[in-house]
Amino acid sequence: MPSNKSVSDAPIVQFTNCRILRNHQLQREDLWVREGKILNPEKLFFDEKGSADIQLDCKDSIIAPGFIDVQINGGFGVDFSLATDDFKSGIDLVSQKILSHGVTSFCPTLVTSPPSVYHQVLPQITIRNGGAQGAGILGAHLEGPFISKEKKGAHPEHCLRTFEAGAFQDLLATYGSLDCVRIVTLAPEMKRSSEVVRELTKRGICVSLGHSVANLSQAEEAVQHGATFITHLFNAMLPFHHRDPGIVGLLTSDKIPAGRRVFYGMISDGIHTNPAALRIAHRAHPKGLVLVTDAIAGMGLAPGRHTLGQQVVEIDGLNTYIAGTKTLSGSVATMDTCVRHFQEATGCSVETALEAASLHPAQLLGIEHKKGTLNYDSDADFLMLNDGLYVQATYIAGEEVWRQDALGM
């Protein structure tokens, strides 16, 4: 009988005794992996007459796609909005440490900063695949500086900017380059924002609406020009009002172009959004919900004073404030914590909670053919979790990159 070597010499690993999240359901079947991709076992058996080289007993774990965090400002003492000489080692540290939270890909996020910071930091962000060295980098998320003064939140007012006559050129001059940029958050009510939304969308960059006082029709217009995301729903935007629901109204708008979906980020840390608000959003538009951490440099560190770009923030338990104020400034929650809190707060299924941190962010970025699912031929980035949704092991390209030690389980 021909061996599996007929197609490739790479070993085939069969993960057994597990429940796989596939097609929105946990299914009791094995997961087959070769050369960093998920295999179709039928093709393997019938076309190649192949079999597994290695079998791994998963001890009844859940296997889910790796989490994708599209809004993370830093962690473990590293602040992505600070231009430092060793920026690369900082981003490497964060990408290594978040493997234990189940994050296999992320978008390092910069808050509103002076142009000099963008010019220094952005050339040092490289889009790369994940591996033993850490989670993959999908491109930067630039949150600001083209946002509303009234809803600046933790963003420094002196760095905020508006679009002048050559709106898109202003943006280019501010950032310096868009080579590694994946998401830009802006306020759609700003003059000339429509042309910017169109230009960014044309370049394959996701436009997110946030830190804004936009009314619903301004938000709908931005979506018609290509915007597809809402930055941390409910936070730093006009509160929902029944006569003009503002950006929040996009969740049930009938003005979204056919075939398009608006996604929205939620910081499900029990601090930024009341569980009732989380439930309202989820019930209104479940397929658009994307869990984000919005984590800052203080994530993983002791309470006290830390930075967020140009500002000093204070961590008190799970609360993070601009020092000396009660203005919330990012979170110190980890992605796995957000998934568990979301499931608990909404009473949604395990599958729904896991997809909000994997499938939905992948769909938002248009990479669901290779990330965010366990479909055949997609990247073998996945997690083993117990029934409480605690991460037991993290795999990237089929290789184990982190495992909970026996004492911690």
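The legends below describe close-up views of a predicted model. In this predicted model, local features need pLDDT of at least 70 and side-chain atom pairs count only at pLDDT 80 or more, while totals for chains, interfaces and linings use all residues. Residues are numbered from 1 along each chain as its sequence is written, and side-chain values use heavy atoms, with hydrogens and water left out.

**View 1. The surroundings of Asp294, which the unreviewed UniProt entry gives as "active site".** UniProt positions are given in the numbering used here, feature names are shortened, and annotations may be inferred rather than shown by experiment. Aspartate 294 is found in the loop between strand E16 (289-291) and strand E17 (304-308); helices (H or I, at least four residues) and strands (E, at least two) are DSSP runs, numbered from the N terminus. With a relative accessible area of 6%, aspartate 294 is buried, where buried means under 20% relative accessible area, exposed over 50%, and partly exposed in between (1.4 Å probe, protein chains only). Not counting residues up to four places away in sequence, aspartate 294 touches Gln71, Asn73, Glu143, His232, Ile267, Gly330 and Ser331, a contact being heavy atoms within 4.5 Å.

**View 2. Glutamate 220, a buried residue without a salt bridge.** This glutamate 220 belongs to helix H6 (residues 216-224). The nearest side chain of opposite charge is that of lysine 255, 5.0 Å away, whereas a salt bridge is a side-chain nitrogen of Lys or Arg within 4 Å of a carboxyl oxygen of Asp or Glu. For charge, Lys and Arg count as positive and Asp and Glu as negative, and His and the chain ends are not counted. Lysine 255 is nevertheless in contact with glutamate 220, as are Leu250 and Ser253, when neighbours within four places in sequence are left aside.

**View 3. The two sides of helix H7 (residues 275-284), with Ala277, Leu278, Ala281 and His282 buried.** These residues cover an arc of only 130° around the axis, and therefore lie on the same side of H7; the arc is that of the directions from the helix axis to the C-beta atoms. Ile280 and Arg283, on the other side of H7, are exposed. The buried residues of H7 pack against strand E15 (263-266), E16, helix H8 (335-346) and helix H9 (350-356). At the start of H7, the backbone nitrogen of alanine 276 has a side-chain oxygen of asparagine 274 within 2.8 Å.

**View 4. A salt bridge between aspartate 60 and arginine 19 (3.6 Å, N to O).** The pair links distant parts of the chain, with aspartate 60 in strand E5 (residues 54-65) and arginine 19 in strand E1 (residues 12-22), 41 residues apart. Aspartate 60 is partly exposed at 32% relative accessibility, whereas arginine 19 is buried, with a relative accessible area of 16%.

**View 5. A salt bridge between glutamate 48 and arginine 34, whose closest N and O atoms are 2.9 Å apart.** Because glutamate 48 lies in the loop between helix H1 (41-46) and E5, and arginine 34 in strand E3 (residues 31-34), the pair ties together parts that are 14 residues apart in sequence. Both glutamate 48 and arginine 34 are buried.

**View 6. A salt bridge between lysine 371 and aspartate 379 (2.9 Å, N to O).** Lysine 371 is buried, with a relative accessible area of 10%, and aspartate 379 counts as buried at 12% relative accessibility.

Technical notes
A polar contact is a pair of N or O atoms within 3.5 Å; within protein, one must be able to donate a hydrogen and the other to accept it, and residues adjacent in sequence count only if both atoms are side-chain atoms.
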